[in-house]
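The following paragraphs lead the reader through one protein model, from its surface to its interior. Please keep the sequence and the structure in view while reading.

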Amino acid sequence: MVDDKKVNQVVEERNALDDTPGYELPLLLFAGFRSLIDRLHAELAEQGHPDVRPAYGFAMQAIGAGGATASEVGRRLGVSKQAAGKTVDRLVALGYAERTDDPDDARRKLVRLTPHGIDALARSAAIFDELRAEWAGALGAGRVREIEESLRTVVPADGLRLDAAGWFGGT
């Protein structure tokens, strides 16, 4: 049985220490992420890449400069081989990737980025630099660096994973 007085006492103690509820932190981090990603994709559309979706960006990062098999893309994204294959199929149809023979294993197909895919990633990098500069203009360059350093402190060393698309439930 829950003792309402003790539960309220815990809430009151927390509020006395900090009046910000804990659930706001992940929501604010996610909202910041979404604002950057949404602005990125609006700008990419203006620059000739209207079909790129966030999941495609993660998939193109997972393919990387050297290419990857669909299975490798799936592992890097944290999704099934079938889900990765479906995303790769869409990237191929849109001209961002192509399937090629693996020079090391004739039984495997590699997925490689096309010049169109490389252009989308290069433009993404430039746009992210612009968005970061906007945040630095609004918050101050020092505060942005402080936010980044603080996040590096609390994010696990292997925390920079590409599987956000899989974590959110699909590609």
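A surface patch, as the term is used here, is made of residues with over 30% relative accessible area and no salt bridge, and nonpolar side chains are joined into one patch within 5 Å. The model under discussion is predicted. In it, Leu25, Leu29, Trp135, Leu139, Ile147, Leu151, Val154 and Val155 make a nonpolar surface patch of about 660 Å². Three helices, α2 (24-46), α6 (115-139) and α7 (141-154), each supply at least two residues of this patch. Helix α7 gives the largest share, three residues. Leucine 151 is one of the members of the patch, and its place is in helix α7. With a relative accessible area of 33%, leucine 151 is partly exposed, and therefore it passes the 30% cut-off for patch residues.

The overall architecture can now be set out. The protein has eight helices and two strands, which follow one another along the sequence in the pattern α-α-α-α-α-β-β-α-α-α. Its accessible surface comes to about 11,500 Å², and 56% of that surface belongs to carbon and sulfur atoms. Of its 171 residues, 29% count as buried. Among the contacts between residues at least 6 apart in sequence, 55% join residues at least 24 apart.

What lies in the interior? In soluble globular proteins, nonpolar side chains tend to be buried together. The largest nonpolar core here has 24 residues, of which Val52, Met60, Ile63, Val73, Leu77, Leu91 and Tyr96 touch the most other members. Two or more residues are given to this core by each of α2, α3 (54-63), α4 (70-77), α5 (81-94), β2 (105-113) and α6. Helix α3 contributes the largest share, five residues. Isoleucine 63, one of the core residues that touch the most other members, may serve as an example. Apart from neighbours within four places in sequence, isoleucine 63 is in contact with Ala68, Val73, Arg76, Leu91, Ala97, Val111, Arg112 and Leu113.

Beyond the end of α3, the loop between α3 and α4 holds alanine 65. Alanine 65 has a relative accessibility of 88% and so counts as exposed. Its C-alpha atom is separated by 8.4 Å from that of isoleucine 118, although the two residues are 53 apart along the chain.

Helix α5, which gives residues to the core, has 14 residues. At 1.5 Å a residue these should span 20 Å, and the end C-alpha atoms of α5 are 20 Å apart, which agrees. The buried residues of α5 are Ala84, Gly85, Thr87, Val88, Leu91 and Leu94. They pack against α3, α4, β1 (97-102), β2 and α6. After α5 comes glycine 95, whose phi is positive, near 85°.

Helix α6 can be read in the same manner. Its 25 residues should span 36 Å at 1.5 Å a residue, in agreement with the 36 Å between its end C-alpha atoms. Buried in α6 are Gly117, Ala120, Leu121, Ser124, Ile127, Leu131 and Ala136, and what covers these residues includes α2, α3, β2 and α7. Helix α6 also supplies at least two residues of the nonpolar surface patch. Glycine 140 follows α6, with a positive phi near 100°.

Two further residues show how α2 and the loop after it relate to other parts of the chain. Isoleucine 37 is found in helix α2, and at 12% relative accessibility it counts as buried. Outside its neighbours within four places in sequence, isoleucine 37 is in contact with Pro54 and Phe128. Isoleucine 37 and leucine 131 are 94 residues apart in sequence, and their C-alpha atoms are 9.8 Å apart in space.

Is histidine 49 buried or exposed? This residue is found in the loop between α2 and α3, and with a relative accessible area of 2% histidine 49 is buried. Its contacts, leaving aside neighbours within four places in sequence, are Leu44, Tyr96, His116, Asp119, Ala120 and Arg123. Among these contacts of histidine 49, Tyr96 is one of the core residues that touch the most other members, and Ala120 is one of the buried residues of α6.

Definitions and conventions. Residues numbered from 1 in each chain as written. Predicted model: local features only at pLDDT ≥ 70, side-chain atom pairs only at ≥ 80, totals over all residues. Heavy atoms only, no water. Patch = residues over 30% accessible without salt bridge, like charges linked within 9 Å, V, L, I, M, F, W, Y side chains within 5 Å. Areas by Shrake-Rupley, 256 points an atom, 1.4 Å probe, with all protein chains shown as cover. Salt bridge = Lys/Arg side-chain N within 4 Å of Asp/Glu carboxyl O. Helix = DSSP H or I, 4+ residues; strand = E, 2+ residues; numbered from the N terminus. Buried < 20%, exposed > 50% of the residue type's maximum accessible area, 1.4 Å probe, protein only. Core = buried A, V, L, I, M, F, W, Y, C linked by side-chain atoms within 4.5 Å. Contact = heavy atoms within 4.5 Å. Expected span 1.5 Å × (residues − 1).
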